[in-house]
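Trainee: Could you take me through one part of this model slowly, and show me how that part connects to the rest of the chain? I would like to follow it residue by residue at the bench.

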Amino acid sequence: MFILASAAGVLGLRIVHSWIAHWIPIEWREFAFVLVMTGGLLIGHAWTFHLVDARGWDFVGLGRQGWRTHAIVVSAIVGALAIAVPVAILLLPGWLAFVPAEPGASLGAAERSLAVLIPAALWEELFVRGYAYAVVRERWGPSTAIGVTSLFFGVMHYLNQGASVQAVLIVCLAGLFLGAIRETMRSLYAAWAAHLAWNAVLVVLLHATVSGIVMASPDYKLVEHGPDWATGGAWGPEGGVFAAAGLALATWYVLWRQSRRRSEGDTGA
């Protein structure tokens, strides 16, 4: 039912999009596309909860219980640092460097990039760690749910420009990180915040390539001069082993934080 409802939601919104597409400016068409995908999945979740599963949004971490400001802020900070610190390390030997780019309005570009990144991160979280994750977790446990969805998360990025086996494996590691947040925080909002913060650091702050996708980067951009195994090459900094180390440390911190809270007798986030 969930698959059918989500497909119907996406199809319905794509039909509406086709009617108004010629009125959408070129620079906003990517935003319109991710909005359609996000809206379709939200419709799929809502329709499923209305017709066949009364547990509602709390079941997928998008209810009131999942909306905890502290958990969301902590997740966003950890997600941002997981990529910002590896990039800072790569800047020291010059393996990554900032170079001038075509002049432009950096603030306007940042607004347009965020307009795409915000629903795009939510779409991927709904698709990978939403209802499907919750059902797998309920039947086979959190470890299986995190493992299966992380593998799927990596594979779904394989067709992106510049993808390699190393890049896909690191995306799988990112899936483990986001799955750990989804599980320990009991909140899809928190996973969404971490996902968005990671991408925003790369695109809005660093003007770097993200998952092989080049977005607007006026005034300056981040380029690689070092070996691809370290810098990620055409995939962007998140495809290098330094990013993998950042993800591994961030995942360890999330799990350690939850373990400490449990030892103190408080399982809340």
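Mentor: Happily; we will begin with the whole chain, then look closely at helix H2, the loop after it and helix H5.

Please keep in mind that this is a predicted model. The protein chain has ten helices and two strands, and along the sequence they come in the order α-α-α-β-α-α-α-α-α-β-α-α. Its radius of gyration is 19 Å, close to the 18 Å that the globule rule gives for 269 residues, so the chain is as compact as a globular protein of that length. Along the principal axes, the C-alpha atoms fill a box of roughly 55 × 55 × 35 Å. Of the 269 residues, 50% count as buried. Sequence-distant contacts are well represented: among contacts between residues at least 6 apart in sequence, 76% join residues at least 24 apart.

Now to helix H2, which covers residues 29-51. With 1.5 Å a residue, its 23 residues should span 33 Å, and the C-alpha atoms at its ends are indeed 33 Å apart, so expectation and model agree. Much of what you will want to look at in H2 faces inward. Its buried residues are Ala32, Val34, Val36, Met37, Thr38, Gly39, Gly40, Leu41, Gly44, His45, Thr48 and Phe49. Their cover includes helix H1 (2-20), helix H4 (106-129) and helix H5 (131-140).

H2 also contributes to the surface. A nonpolar patch there is formed by Met1, Leu4, Ile43, Trp47, Leu51 and Val52, with about 560 Å² of accessible area together. H2 supplies the largest share of this patch, three residues. Ile43 is a good one to pick out: it sits in helix H2 and is partly exposed, because its relative accessible area is 35%, between the 20% and 50% cut-offs. As a general point, an α-helix has 3.6 residues a turn, so residues three or four places apart point the same way. For the wider surface, the protein chain exposes about 13,300 Å², and carbon and sulfur atoms supply 68% of that.

Just past H2 we come to charged side chains. The model has four salt bridges by the rule used here. In one of them, Asp53 pairs with Arg55, with the closest N and O atoms 2.8 Å apart. Asp53 counts as buried because its relative accessibility is 6%, whereas Arg55, at 39%, is partly exposed. Arg55 also meets Glu138 in a salt bridge, 2.2 Å from N to O. Arg55 lies in the loop between H2 and helix H3 (69-91) and Glu138 lies in helix H5, so this pair ties together parts that are 83 residues apart in sequence. Glu138 is itself partly exposed, at 49% relative accessibility.

Helix H5 has a further link of this kind. Arg137 and Glu183 form a salt bridge, 2.6 Å from N to O. This pair also links distant parts of the chain, with Glu183 in helix H7 (residues 165-185) and Arg137 in helix H5, 46 residues apart. Glu183 counts as buried at 18% relative accessibility, while Arg137 is partly exposed at 35%. Through shared salt-bridge partners, Asp53, Arg55 and Glu138 join into one network.

The inward side of H5 completes this part of the picture. Tyr131, Tyr133, Ala134 and Val136 are its buried residues, and they pack against H1, H2, H4, helix H6 (142-155) and H7. After H5 comes Gly141, whose phi is positive, near 100°.

One last stop is Arg129, which is found in helix H4. Arg129 is buried, with a relative accessible area of 0%. Leaving aside residues up to four places away in sequence, Arg129 touches Glu124, Thr149, Phe153, Gly175, Leu178, Gly179, Arg182 and Leu188. One of those, Arg182, is 53 residues away along the chain, yet the two C-alpha atoms are separated by 7.6 Å.

So, to gather the threads: H2 has buried residues covered by helices that include H1, H4 and H5, and the loop after H2 reaches H5 through the Arg55 and Glu138 pair. H5 in turn is linked to H7 through Arg137 and Glu183.

Definitions and conventions. Residues numbered from 1 in each chain as written. Predicted model: local features only at pLDDT ≥ 70, side-chain atom pairs only at ≥ 80, totals over all residues. Heavy atoms only, no water. Helix = DSSP H or I, 4+ residues; strand = E, 2+ residues; numbered from the N terminus. Expected span 1.5 Å × (residues − 1). Buried < 20%, exposed > 50% of the residue type's maximum accessible area, 1.4 Å probe, protein only. Contact = heavy atoms within 4.5 Å. Salt bridge = Lys/Arg side-chain N within 4 Å of Asp/Glu carboxyl O. Patch = residues over 30% accessible without salt bridge, like charges linked within 9 Å, V, L, I, M, F, W, Y side chains within 5 Å. Areas by Shrake-Rupley, 256 points an atom, 1.4 Å probe, with all protein chains shown as cover. Rg over C-alpha atoms; globule rule 2.2 N^0.38 Å.
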